[in-house]
Amino acid sequence: MSEVVSYHVLHFPLDPSSRRVRLALAEKGLNFELTTEPPWERRPALMALNPAGEVPVLQIKQADKPDESVVLCGVDSICEYIEETAGGPLLLGNTAIKRAETRRLVAWFDRKFAAEVTDCLLGEKALRGLRGQGGPDPVFLRVGYANIHYHLDYIAWLCERRRWLAGEAISMADLAAAAHLSALDYLGDVPWDAHAGAREWYARLKSRPAFRPLLGDHVPGIAAAAHYADLDF
């Protein structure tokens with residue numbers, strides 16, 4: 001690919017997939033612009049870039065084609081592209097075994113955690129209202145609040161054996177987990193006080209320069225929890 005001139009991300013602030021892309025770009029030391037795109041509005045501009053009507057979308061400008069963009073859609077495709085083309089720290093690992101473990105944990109959070117926790121809490125408490133679908137279903141809330149403890153225990157268990165979730169270096173697994181948990185933390189729905197090990201891991205992530213822009217996110221109509229941007233919780 002020709003030399004990249006700029007990166008532009010269509011995202012929604014509380015979307016975990018969008019957050020992972022932002023974290024990956026920042027950890028690689030890449031500058032990028034953001035445009036907020038509520039995907040449920042299915043605006044023609046988004047549909048033209050991604051017929052699935054989903055965020056994140058990454059637009060890449062190239063030096064030899066300044067009036068055109070390469071468009072990448074989907075969190076995994078975008079993050080794999082970033083890993084393969086950008087410098088900076090390796091976020092998938094430097095061996096096949098490390099990459100396999102990182103991808104296993106990414107899938108854990110993007111599928112299992114998402115279904116058992118994120119969809120039940122973030123989906124019900126925030127996204128339903130933003131989509132005009134009414135208030136949360138208390139059954140789903142109970143399920144989400146019950147399930148989150150198991151996942152926080154798993155994070156602590158991993159960090160007792162490794163410095164980061166997939167090994168000794170920060171990886172895409174940490175970014176995937178943090179993307180989900182930070183969106184929930186915006187709502188104040190993570191019981192950090194009951195999970196010291198997970199809290200210590202998240203505090204390390206929260207203090208990284210790449211994480212700071214997420215702490216400044218604001219979603220109209222949904223106030224962030226009082227501790228959300230506080231590095232000391």
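**Reading the labels on this structure**

Trainee: Why is Ser171 called buried?
Mentor: Check its value against the cut-off. Buried means under 20% relative accessible area, exposed over 50%, and partly exposed in between, tested with a 1.4 Å probe and protein chains only. Ser171 has a relative accessible area of 5%, so it counts as buried.

Trainee: What should I know before trusting such values?
Mentor: You're looking at a predicted model, where local features need pLDDT of at least 70, side-chain atom pairs count only at pLDDT 80 or more, and totals for chains, interfaces and linings use all residues. Numbering starts from 1 along each chain as its sequence is written, and side-chain values use heavy atoms, with hydrogens and water left out.

Trainee: Where does Ser171 sit, and how do you know what is a helix?
Mentor: Helices are DSSP runs of H or I with at least four residues, strands are runs of E with at least two, and both are numbered from the N terminus. Ser171 belongs to the loop between two such helices, α5 (138-161) and α6 (172-186).

Trainee: Which residues does Ser171 touch?
Mentor: Contact means heavy atoms within 4.5 Å. Skipping residues up to four places away in sequence, Ser171 touches Leu91, Thr102 and Ala166.

Trainee: How many helices and strands are in the chain?
Mentor: The chain has eight helices and four strands. Starting at the N terminus, the elements go β-α-β-α-β-β-α-α-α-α-α-α.

Trainee: What makes the chain as compact as a globular protein of that length?
Mentor: Two values get compared. The radius of gyration is taken over C-alpha atoms, and the globule rule is 2.2 Å times the number of residues to the power 0.38. The chain comes out at 17 Å, close to the 17 Å from the rule for 233 residues, so the description fits. Also, 48% of the 233 residues count as buried.

Trainee: What order do the strands have in the sheet?
Mentor: The open sheet of four strands runs β2-β1-β3-β4, with mixed pairing.

Trainee: Why do β2 and β4 count as edges?
Mentor: β2 (33-36) and β4 (65-73) each have a single partner strand, so one side of each has no neighbour in the sheet. On average, neighbouring strands here are turned by 25° against each other, direction ignored.

Trainee: How do you know that β1 pairs with β2?
Mentor: Two strands pair if DSSP finds at least two bridges between them. β1 (residues 4-11) and β2 have four bridges, in the parallel sense, so the pairing rule is met. For instance, Val9 has Leu34 in β2 as its bridge partner. On the antiparallel side, six bridges join β1 to β3, where Tyr7 has Ile60 as its bridge partner.

Trainee: What does "about 155°" mean for α1 and β1?
Mentor: Axes are lines fitted to C-alpha atoms, for helices over the stretch in contact, and angles run from 0 to 180 degrees between N-to-C directions. Helix α1 (residues 16-27) lies across β1, β2 and β3 (57-62), and runs at about 155° to β1.

Trainee: What makes a nonpolar core?
Mentor: A nonpolar core is a set of buried Ala, Val, Leu, Ile, Met, Phe, Trp, Tyr and Cys residues joined through side-chain atoms within 4.5 Å. The largest one has 69 residues, and Leu58, Ile155, Leu165, Leu181 and Trp201 touch the most other members. Leu165's contacts beyond four places in sequence include Leu105, Phe109, Ile155 and Trp201. Trp201 is also one of the buried residues of helix α7 (residues 196-206), and what covers those buried residues includes α5, α6 and α8 (212-215).

Trainee: Why is Leu214 called buried?
Mentor: Leu214 has a relative accessibility of 1%, so it falls into the buried class. Leu214 is in helix α8. Among its contacts beyond four places in sequence are Arg19, Arg22 and Tyr228. Arg19 is 195 residues away in sequence, yet 7.6 Å away in space, C-alpha to C-alpha.

Trainee: And why is Thr118 called buried?
Mentor: Its relative accessible area is 5%, so Thr118 is buried too. Thr118 lies in helix α4, and its contacts outside four places in sequence include Pro16, His180 and Leu184.
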